[in-house]
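I opened a notebook page for this structure and wrote down each thing as I looked it up. The entries follow the order in which I went through them.

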Amino acid sequence: MSTLLLNLDFGEPPPKKALEGNAKHRNFVKKRRLLERRGFLSKKNQPPSKAPKLHSEPPKKGETPMVDGTWKTPSFPKKKKTAACSNGSGQPLDKKAAVSWLTPAPSKKADSVAAKVDLLGEFQSALPKISSHPTRSQKKGSQKKSSKKNHPQKNAPQNSTQAHSENKCSRISQKLPQKMVAIDCEMVGTGPKGHVSSLARCSIVNYNGDVLYDEYILPPCHIVDYRTRWSGIRKQHMVNATPFKIARGQILKILTGKIVVGHAIHNDFKALQYFHPKSLTRDTSHIPPLNRKADCPENATMSLKHLTKKLLNRDIQVGKSGHSSVEDAQATMELYKLVEVEWEEHLAQNPPKD
């Protein structure tokens, strides 16, 4: 039977390796755990790192055993600075595990409070920057500024309506003179016993009283009564008078599209065989404000002579030579100007029906 040879070493076994890491690394790990417990750091935000190994590992290539049971790594020539740092046992960390913001800055031992502040500052500097949101006071200030800027825009329609109502009268007075004329006609008697009124003279003046048209007109029928006492027409006036059809065409060109002022103007239109829109007709014999100014009943039909004397302090239609259609047209326009604004506002609110 062969002899069994056992090579037993009864010497003391090598001591177990302590936790890897030098004093600085252990101090850093303690401080980091303290910050985690107090809520300054969140475990979720920490990148994965290799945990310290509790037990020793078999030696790697190039390592030599030491007397105290540790392994010594041979020194290599220094290369350029890298982000990797030692984990306390001399073994280099992987590039993925080596993160600059996890390595403590080399500093001397200081108070625990100062060290905590330094570590917290390092972790905060590594976190992504978040743009600050405006405070409540800043929001209120910006809202006030925006409301001030938008306020005149809201009030713009109100201001425009007020300005429109205030300048309404002035706009009317500016537009009307260009499209307003006054007319007066003189008639003679034709037909049986001269009872038919026919046009024998027509005068038209503008807003300022300037004469636009003044012609004697020859009626299509035989003149029976010249009515000289009122019309001022005589036989000699008809020698070179304009025929009625020609004169009517000339007159209607002037009146069309304009506001026509007249006294008892329906008689003038009848003699012209013409109908003018009521919305463009102003009859001074039926304007209540004009009668009120003359201290006359509002619904009464006052003569042009009476109104002119009362309101303009001027005498017209005097003497035996008869009336002047130019003079009557000018007086009619002046009377209308006295109540123009008031009457136009009334017509704007109560437009007449044609």
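Entry 1, a threonine in a helix. I began with Thr308, which I found in helix H9, the run of residues 304-312. I keep in mind from the start that this is a predicted model. Is Thr308 buried or exposed? I noted Thr308 as buried, because its relative accessible area is 0% and the cut-off for buried is under 20%. I then looked up what surrounds Thr308, setting aside neighbours within four places in sequence, and listed contacts with Asn313, Arg314, Ile316, Ala331 and Leu335.

Entry 2, helix H10. Two of those contacts, Ala331 and Leu335, are also among the buried residues of H10, so I turned to that helix, which covers residues 325-338. H10 has 14 residues and reaches 21 Å from its first C-alpha to its last, which is close to the 20 Å expected at 1.5 Å a residue. As buried residues of H10 I wrote down Ser325, Val326, Asp328, Ala329, Ala331, Thr332, Met333, Leu335 and Tyr336.

Entry 3, the nonpolar cores. Which residues have the most contacts inside the largest nonpolar core? That core has 22 residues, and I listed Met180, Val261, Ile287, Leu290, Leu307, Met333 and Tyr336 as those with the most contacts inside it. The elements that give two or more residues to this core are E3, strand E8 (259-262), H9, H10 and helix H11 (340-349). H10 gives the most, with 5 residues. I picked out Ile287 for a closer look and found that, not counting residues up to four places away in sequence, Ile287 touches Tyr336, Val339 and Trp343. Apart from this core lies another one, of 21 residues, among them Met187, Tyr213, Ile251 and Tyr274. As a general remark I added that nonpolar side chains tend to be buried together in soluble globular proteins.

Entry 4, strands E3 and E4. I followed strand E3 (residues 180-190) to its partner E4, and noted that the two run antiparallel and are joined by 9 bridges. Within this pairing, Met187 stands opposite Leu199 in E4. The hairpin of E3 and E4 has 5 residues between the strands, and there Gly191 takes a positive phi near 80 degrees. E4 itself, residues 196-205, is mostly covered, with 8 of its 10 residues buried.

Entry 5, strand E5 and its two partners. How many bridges pair E4 with strand E5? I noted 5 bridges in the antiparallel sense, with E5 covering residues 211-218. Cys202 stands opposite Glu215 in E5, and the bridge partner of Ser203 in E5 is Asp214. The hairpin of E4 and E5 has 5 residues between the strands, and in it Gly209 takes a positive phi near 90 degrees. E5 also pairs with strand E7 (residues 242-243), here in the parallel sense and over 2 bridges, and Leu218 stands opposite Pro243 in E7.

Entry 6, a valine in E5. I next looked up Val211, which is found in strand E5. Val211 counts as partly exposed because its relative accessibility is 44%, a value between the cut-offs of 20% and 50%. Leaving aside neighbours within four places in sequence, I listed Ile204, Val205, Val326 and Gln330 as the contacts of Val211. I also noted that Val211 and Ala182 are 29 residues apart in sequence and 9.6 Å apart in space, C-alpha to C-alpha.

Entry 7, cysteines. How many disulfides does a search of the whole structure find? The search finds 0 disulfides. I looked up two cysteines for their accessibility: Cys221 is partly exposed, with a relative accessible area of 49%, whereas Cys296 counts as buried at 12% relative accessibility.

Entry 8, confidence in the model. I closed with the pLDDT, which averages 74 over the chain, with 56% of the residues scoring at least 70. Over residues 50-56 the pLDDT stays under 50, and the model has 5 contacts beyond four places in sequence for that stretch. Over residues 151-157 the pLDDT is below 50 as well, and this stretch has 0 contacts in the model beyond near neighbours in sequence. My reminder for such places is that the predicted coordinates should not be read in detail where pLDDT is low.

Methods: Residues numbered from 1 in each chain as written. Heavy atoms only, no water. Expected span 1.5 Å × (residues − 1). Buried < 20%, exposed > 50% of the residue type's maximum accessible area, 1.4 Å probe, protein only. Pairing = 2+ DSSP bridges. Contact = heavy atoms within 4.5 Å. Core = buried A, V, L, I, M, F, W, Y, C linked by side-chain atoms within 4.5 Å. Disulfide = S-S within 2.5 Å. pLDDT = per-residue confidence, 0-100.
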